[in-house]
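Below are some notes on the model you sent, set out as numbered points. They cover the fold, the strand pairing and one residue picked out for a closer look.

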Amino acid sequence: MAGLTPVLVEWADAHAGPEHWAALDSMEDDGEYIVRSIGWLLPADEGGKHDHVTLAQSITPDHDVDHTLHIPVGMVRRLVVLCNAQDVVS
C-alpha cells in the first residue's frame, strides 16, 4: 500500500426527519447534514471502492484495514490532505 494519505473528508450524509408523526406540509428543509471523517485514503486500485472515497480508520504493517467507510463521490463536499504519508509512515 504505497502512497497512504491521511485525509479529512466533509460529506453530505443522509439523515432522518422528525422522530414522531408530522404533517408533510410542516416538514422543513434544514439543508445538508455535513459529516467530517478522518482516515487513510484507499484508492480504488488499493482496496477502495470505485466512485467512492474510501477511508480506513487503521492500517496494520501487514496491510489489514479496520473500520472502512465508503463515501459516494457525489456526497463529498471537501477533501483535505492532512500531511504527507512520509511524515507519518516509515
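1. A term first: two strands pair if DSSP finds at least two bridges between them. In this sense strand β1 pairs with strand β5, and W11 has V76 in β5 as its bridge partner. The model is predicted, and the points below should be read with that in mind.

2. Overall content. The protein has 5 strands and 1 helix. In sequence order the pattern is β-β-β-β-β-α, with the helix following the strands.

3. Sheet. The strands form an open sheet of 5 in the order β4-β3-β2-β1-β5, with antiparallel pairing. Its edges are β4 (65–72) and β5, each of which pairs on one side only. From one strand to the next, the twist averages 30°.

4. Strand β1. This strand covers residues 5–13, and 7 of its 9 residues are buried. On one side, β1 pairs with β2 (residues 33–42) in the antiparallel sense over 9 bridges; here E10 stands opposite R36. β1 also pairs with β5 (residues 76–81), again antiparallel, over 5 bridges. The W11–V76 bridge from point 1 belongs to the β1–β5 pair.

5. Strands β2 and β3. These two pair in the antiparallel sense over 3 bridges. Within the pair, L41 has L55 of β3 as its bridge partner.

6. Residue T54. Is T54 buried or exposed? T54 lies in β3, residues 52–59. Its relative accessible area is 1%, and the cut-off for buried is under 20%, so T54 counts as buried. The T54 side chain makes a polar contact with the side chain of H70, at 2.9 Å. Leaving aside residues up to four places away in sequence, T54 touches W40, L41, L42, G48, K49, L69 and H70. H70 therefore appears both in the contact list and as the polar partner of this buried threonine.

7. Contacts along the chain. Which share of the contacts with a separation of 6 or more comes from residues 24 or more positions apart? The figure is 55%.

8. Burial and surface. The protein has 90 residues, of which 22% count as buried. The exposed surface comes to about 6500 Å². Carbon and sulfur atoms supply 53% of that area.

Methods. Residues numbered from 1 in each chain as written. Predicted model: local features only at pLDDT ≥ 70, side-chain atom pairs only at ≥ 80, totals over all residues. Heavy atoms only, no water. Helix = DSSP H or I, 4+ residues; strand = E, 2+ residues; numbered from the N terminus. Buried < 20%, exposed > 50% of the residue type's maximum accessible area, 1.4 Å probe, protein only. Contact = heavy atoms within 4.5 Å. Areas by Shrake-Rupley, 256 points an atom, 1.4 Å probe, with all protein chains shown as cover. Polar contact = N/O pair within 3.5 Å; in protein donor to acceptor, adjacent residues only side chain to side chain. Axes fitted to C-alpha atoms, helices over the stretch in contact; angles between N-to-C directions.
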